[in-house]
Amino acid sequence: MTTKSDPESTPPSSGTLARAGDVLPTTLPIVPITNRPFFPAQAIPLVLDREPWSSTIIAATETPHKVVGLVLVRKDEAENLVTDDFYEMGTVCRIHKVAQSEDKLQVFVEGLQRFRIDQWLSSERPFAVRARYFPEPEASEGGDIKAYSVAVINTIKELLPLNPLYGEELKFFLTRFGPDQPSRLSDFAASLTTASKEELQDVLRTVDLEPRLEKVLFLLKKELDLAKTQARISERVEEKINEQQRQFFLREQLKAIQKELGIAKDDRTAEIDVFRERIAALSLPDPARKRIDEEVQKMAVLEMGSPEYAVTRNYLEWLTLLPWGRYSTDKIDLKQARAILDRDHDGLDDVKDRIIEFLAVGVMKGQVAGSILLLVGPPGVGKTSIGRSIATSLGRTFYRFSVGGMRDEAEIKGHRRTYIGAMPGKFIQAIREAGVANPVIMLDEIDKIGSSYQGNPASALLEVLDPEQNVDFLDHYLDLRFDLSKVLFICTANQLDTIPQPLLDRMEVIRLAGYIAGEKMAIARHHLLPKQMDKVGLKRGQLRIEDGAIREIIEGYAREAGVRGLEKMLGSIARKAVVALINGKKPPIKVTARNLGDYLDRPVFQPVRPLRGVGIVTGLAWTPLGGATLDVEATRVHRSARGIKITGQLGDVMRESAEIAYSYISSHCKQYGCPENFFDKASLHLHVPAGAIPKDGPSAGVTIASALLSLARGKRIARPLAMTGEITLTGHVLPVGGIREKVIAARRVKIPEIIIPEANRGDFEELPEHVRKGLVVHYAKHYRDVAALIFPE
């Protein structure tokens, strides 16, 4: 048996006569290798960088022994090496051949023996060491060496079928050594594996044969398991590929058989037949039928792989999927329509009446078409949902899209088919999606439509929305006339100022003003709260919000004209109620005005009362978000010079109103009981809070004039009162817009008395009774009427 010993303490074998060629030098040049160690049983070409190692290799070939030491380094790159980077054990190799190419050296080397570095003779390139050699141990008949050798050979046999490369390497090994040389066998077997360089270096440093064979056998078993796993994966992948190929061939054979028997068609014929079936179910006008027939004939002769085939196929797809001549039957029942509107919306009685009138005209005519409704109002008042309710009451398909921010005319009228990715416009897409030629199409945010160098979409809408033109609407993609006259168009907007006048002239305007507190209370009870409870999974009875709490939310958190803010607050309460229930609180969760602060943050709006005092008058204003009150303040700064200063971020129109009011009051001082010389040397300052909010509009003249009159007389208005109206240089009071919003704003801040122009009497009388109830309204033709109301004496 061989004795086990550490390679660092094993002396080289002695007592045998060595041949001259087998004697190795004690001083050995060193070349580092980075990937894996080199074993004595190997004979392979080694590729090195020419620049750093050519001198070492050439010097080694010029010696009688022609040997070099290959030592593994710990780094991944052989640059900037120090002696500590080298492992102690390496392989001495004989150089057989050196070939040079550009910046590389190809060195064919044969491993001879293991060696250990005893001393570094040169710690820089070219490296050189004093080496101690370990000749290969002789095999013995006893012990476990033979058993290990047989196990290694058997494992290699199992590996051979799994990787053909193993067979080539084994043939090369057997030409040089025999299977009865266990030392060479162990090194060869280790070189076959894909083990890490640390594991292979451990095999190299093991000189004793039996422990080396044991380590090699372990690495071979790991390699065998890995190879089997890879083989299983490859087999599964190959099975899938073979199955797919088999199915493909079977399908192709089936197609060929069916074609021979006349019971199947190719893909192009099948697609053409589908188009013909669709055409048979449509009531096509003659131009459309002629165009489709031409395209079908062209498709029949085109190659399926050509781009033109795909373009033609997509074009036919659009033409045959449009509902030519297909209309849904209107179910016009005024009582049912009113019930649907009442079910979906609280309040808005005037709007509902206007919609019922519109539908009644449709009953009389026999069809609801040829009209475009424009619903105008602040955000969150229910414009979109009203449009959906109209579609439901008619029994028509509802389709909505937003034109806000739209800048390309092609989105309305489609792209021409010459462009890649061309598509029809939004309206043809809507018709195809609806499946009928008379849906209800809603155009949201029409006041926010844009324009660019690509065209003006608002101008393109003229053809679409004009009942005289849309009977022959031409989409650029279809290049055919399509009848849109049966479509009911409903548009929504927050304001009318940004809608082009030619487009506005084609619409019937229905205004939706904001909601008062009572309407918001009903909406919260009947719609918003049930919706939010269902959204978070709360059942009826698990959450109770008292009327006082809802009223507090409306006044302190959601004072805007619409109800979106109110819905958000109710949603926040519902979510916190869910958290409380999950944490173990027993239902129902009660929310009152007292504990509302536990569920919501501090109120956004504080109780606001109109300012009162000398030179202070409350005006009524319209905004895109609803009505609002504005306090106009006037004061005298000094008496050294005549003049007026205006602040509050007022626009040009409002500044002109202020100047007209100043000119009128200062020229009629005596008539209205002011000191005659008050304005002659008075420097006045007029301010409209809040200074950070831009303001403009023509309806503040009466209010500014009243503030100046109050300042000049030195008296305040005795009772809570608000006003609106434009004034001329002769004192006439002109009509203004937004009366409903302004009236609601006055009610919101609990002002019981208002002054409006006489010309707006009809606008006020059209308001619902619940909006007018409790308000004292005065009408003014001339500013004398206003002055008599605010200063009766």
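Buried means under 20% relative accessible area. The model on screen is predicted, and that cut-off is needed at the first stop.

**Stop 1: Ser666**

Select Ser666, which lies in helix 20, residues 652-667. Ser666 counts as buried because its relative accessibility is 18%, under the 20% limit. Now show its side chain and that of Arg642: a polar contact of 3.4 Å joins the two. A polar atom of the Ser666 side chain also lies 3.2 Å from the backbone oxygen of Ser663. Leaving out residues up to four places away in sequence, Ser666 touches Arg642 and Phe679.

**Stop 2: strand 16**

Move to residues 616-623, which form strand 16; six of its eight residues are buried. Add residues 722-723, which are strand 20. Strands 16 and 20 pair in the parallel sense, over two bridges. To find the pairing on screen, pick Gly619 and look for Met723 of strand 20 opposite.

**Stop 3: the five-stranded sheet**

Next comes an open sheet of five strands, with parallel pairing and the order 8-9-12-7-13. Its edge strands are strand 8 (398-402) and strand 13 (508-511), each of which pairs on one side only. On average, and with direction ignored, neighbouring strands of this sheet are turned by 20 degrees against each other.

Begin at the strand 8 edge. Strand 8 runs parallel to strand 9, and five bridges join them. Select Phe398 to see one residue that stands opposite Val440 of strand 9. Then add residues 349-365, which make up helix 11 and pack on the sheet. Helix 11 touches strand 7 (372-376), strand 12 (488-493) and strand 13. The direction of helix 11 makes about 155 degrees with that of strand 13.

**Stop 4: helices 10 and 12**

Two packed helices are described by the angle between their axes and the distance between the axes. Select residues 334-344 for helix 10 and residues 383-394 for helix 12. Their axes come within 9 Å and cross at roughly 150 degrees. The crossing of helix 10 past helix 12 is right-handed.

Which residues of helix 10 meet helix 12? They are Ala337, Ile340, Leu341, Arg343 and Asp344, and on the side of helix 12 they meet Ser389, Thr392 and Ser393. By type, the residues of this contact divide into three nonpolar, three polar and two charged.

**Stop 5: Ile431**

Go to helix 14, residues 426-434, and pick Ile431. Is Ile431 buried or exposed? Ile431 counts as buried, because its relative accessibility is 0%. Show what surrounds Ile431: apart from residues up to four places away in sequence, Ile431 touches Leu322, Pro323, Val436, Ala437, Pro439, Ile441, Phe482, Leu484 and Val487. For a view across the model, draw a line from the C-alpha atom of Ile431 to that of Phe127. These atoms are separated by 84 Å, and the two residues are 304 places apart along the chain.

**Stop 6: Arg481**

Strand 11 spans residues 481-482, and Arg481 is found there. Arg481 is partly exposed, because its relative accessible area is 48%. A polar atom of its side chain lies 3.0 Å from the backbone oxygen of Asp472. Its contacts, without neighbours within four places in sequence, are Trp324, Asp472, Phe473 and Leu474. Pro287 is 194 residues from Arg481 along the chain, yet the C-alpha atoms of the two are separated by 8.4 Å.

**Stop 7: backbone details in loops**

Two peptide bonds come next. Select Arg125 and Pro126, which are joined by a cis peptide bond with omega about -5 degrees. Pro126 sits in the loop between strand 5 (104-122) and strand 6 (127-134). Then select Pro587 and Pro588, where the peptide bond is also cis and omega is about 0 degrees. Pro588 is in the loop between helix 19 (564-582) and strand 15 (589-591).

The tour ends with phi angles. Lys66 is not a glycine, yet its phi is positive, near 55 degrees. Look for Lys66 in the loop between helix 1 (50-61) and strand 3 (67-72); Lys66 counts as partly exposed at 39% relative accessibility. Glu445 also has a positive phi, of about 55 degrees, without being a glycine. Glu445 lies in the loop between strand 9 (440-444) and helix 15 (457-465), and counts as partly exposed at 27% relative accessibility.

Note on methods. Residues are numbered from 1 along each chain as its sequence is written. This is a predicted model: local features need pLDDT of at least 70, side-chain atom pairs count only at pLDDT 80 or more; totals for chains, interfaces and linings use all residues. Side-chain values use heavy atoms; hydrogens and water are left out. Buried means under 20% relative accessible area, exposed over 50%, partly exposed in between (1.4 Å probe, protein chains only). Helices (H or I, at least four residues) and strands (E, at least two) are DSSP runs, numbered from the N terminus. Two strands pair if DSSP finds at least two bridges between them. Axes are lines fitted to C-alpha atoms, for helices over the stretch in contact, and angles run from 0 to 180 degrees between N-to-C directions. A crossing is left-handed if the near helix is turned anticlockwise from the far one by less than a right angle, and right-handed if clockwise. Contact means heavy atoms within 4.5 Å. Ala, Val, Leu, Ile, Met, Phe, Trp, Tyr, Cys and Pro count as nonpolar, Asp, Glu, Lys and Arg as charged, and the others, Gly among them, as polar. A polar contact is a pair of N or O atoms within 3.5 Å; within protein, one must be able to donate a hydrogen and the other to accept it, and residues adjacent in sequence count only if both atoms are side-chain atoms.
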